[in-house]
Amino acid sequence: MIQNAVSAKLTELTTEQLRDLVVKGMQEKKAQDIVVMDLRNVKNAITDYFVICSGSSDTQIDAIAGSIEEEILKISRVFPTNREGKMNREWILLDYMDVVVHVFKKDRRAFYDLEQLWGDAEMTWVDNETDVFVQR
């Protein structure tokens with residue numbers, strides 16, 4: 001998936017390519033508990049995908065967010081339309097319109113529990129050891 005986007009040097013990404021580049025950026029900085037939530041079939045959803053991960057420190061979540069932006073910029077020169085939380089570094093949100101990225105500090109993720117809040121979404125967990133997407 002990601003290889004197609006990288007080798008083509010696209011200026012415009014599909015939503016799925018964007019989603020995959022987000023995951024790649026997360027993996028580059030050892031993000032934990034990566035979940036891709038497909039919201040396309042959820043009524044009143046604000047985006048096509050949420051991609052969520054956790055980091056163990058404020059420094060790590062800042063690095064993860066930076067890595068995601070870097071991966072996408074390398075391929076498409078697209079910046080997020082909105083960035084939130086960079087100053088507090090407990091929950092960084094990157095809005096790419098069709099893909100919204102949430103990079104949480106572990107305790108903040110448990111508190112907001114987006115997976116439960118958007119429980120109607122199809123959820124896919126990324127196994128960092130094998131790069132396999134596992135639906136549950």
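The legends below describe close-up views of a predicted model.

Residues are numbered from 1 along each chain as its sequence is written. Because the model is predicted, local features need pLDDT of at least 70 and side-chain atom pairs count only at pLDDT 80 or more, while totals for chains, interfaces and linings use all residues; side-chain values use heavy atoms, with hydrogens and water left out.

**Figure 1. Overview of the chain and its secondary structure.** The chain has five helices and seven strands, where helices (H or I, at least four residues) and strands (E, at least two) are DSSP runs numbered from the N terminus. Read from the N terminus, the order of elements is α-α-β-β-α-β-β-β-α-α-β-β. Of the 136 residues, 45% count as buried; buried means under 20% relative accessible area, exposed over 50%, and partly exposed in between (1.4 Å probe, protein chains only). The accessible surface is about 7,600 Å², and carbon and sulfur atoms supply 47% of it. These areas come from the Shrake-Rupley method with a 1.4 Å probe, and for residues only the protein chains shown count as cover. Among contacts in the chain with a separation of 6 or more, 57% are between residues 24 or more positions apart, a contact being heavy atoms within 4.5 Å.

**Figure 2. Helix α2, residues 15-28.** The C-alpha atoms at the two ends of α2 are 20 Å apart, which agrees with the 20 Å that its 14 residues should span at 1.5 Å a residue. The expected span is 1.5 Å times one less than the number of residues. The helix is mostly covered, with eleven of its 14 residues buried. Among the buried residues of α2 are Leu 18, Leu 21, Val 22, Val 23 and Met 26, and the polar or charged side chains of Gln 17, Arg 19 and Asp 20 belong to buried residues as well. After α2 comes Lys 30, which has a positive phi, near 60°.

**Figure 3. Salt bridges that reach helix α2.** A salt bridge is a side-chain nitrogen of Lys or Arg within 4 Å of a carboxyl oxygen of Asp or Glu, and by this rule there are eleven. One of them joins Arg 40 to Glu 16, with the closest N and O atoms 3.2 Å apart. Arg 40 is in the loop between β1 (32-38) and β2 (49-55) and Glu 16 is in α2, so this pair ties together parts that are 24 residues apart in sequence. Both residues are partly exposed, Arg 40 at 43% relative accessibility and Glu 16 at 30%. A further salt bridge is formed by Glu 71 and Lys 24, at 3.5 Å from N to O. Glu 71 lies in helix α3 (residues 58-76) and Lys 24 in α2, so the two tie together parts 47 residues apart in sequence. Glu 71 is buried, at 5% relative accessibility, whereas Lys 24 is partly exposed, at 23%.

**Figure 4. The salt bridge between Lys 86 and Asp 62.** The closest N and O atoms of Lys 86 and Asp 62 are 3.3 Å apart. The pair links distant parts of the chain, with Lys 86 in the loop between β3 (82-84) and β4 (91-95) and Asp 62 in helix α3, 24 residues apart. Lys 86 is partly exposed, at 30% relative accessible area, and Asp 62 is partly exposed, at 26%. Through shared partners, salt bridges join Asp 58, Asp 62, Lys 86 and Arg 89 into one network.

**Figure 5. Aromatic rings and the charges over them.** Rings of Phe, Tyr and Trp (its six-membered ring) pair if their centres lie within 6.5 Å; planes under 30 degrees apart count as stacked, over 60 as edge-to-face and the rest as tilted. Five aromatic pairs are counted by this rule. In one of them, Phe 111 and Tyr 112, the ring centres are 5.0 Å apart and the planes stand at 90°, so the pair is edge-to-face. Phe 111 is exposed, at 57% relative accessible area, and Tyr 112 is partly exposed, at 35%. Ring pairs link these two residues with Trp 91 and Phe 104 into a cluster. A charge sits over a ring if NZ of Lys or CZ of Arg is within 6 Å of the ring centre and within 35 degrees of the ring normal. Arg 108 lies over the face of Phe 111, 5.1 Å from the ring centre, and Arg 19 lies over the face of Tyr 49, at 5.0 Å.

**Figure 6. Surroundings of Met 97.** Met 97 lies in the loop between β4 and β5 (99-105) and is exposed, with a relative accessible area of 51%. Leaving out residues up to four places away in sequence, Met 97 touches Ile 46, Thr 47 and Thr 81. Met 97 and Thr 47 are 50 residues apart in sequence, and their C-alpha atoms are 6.4 Å apart in space.
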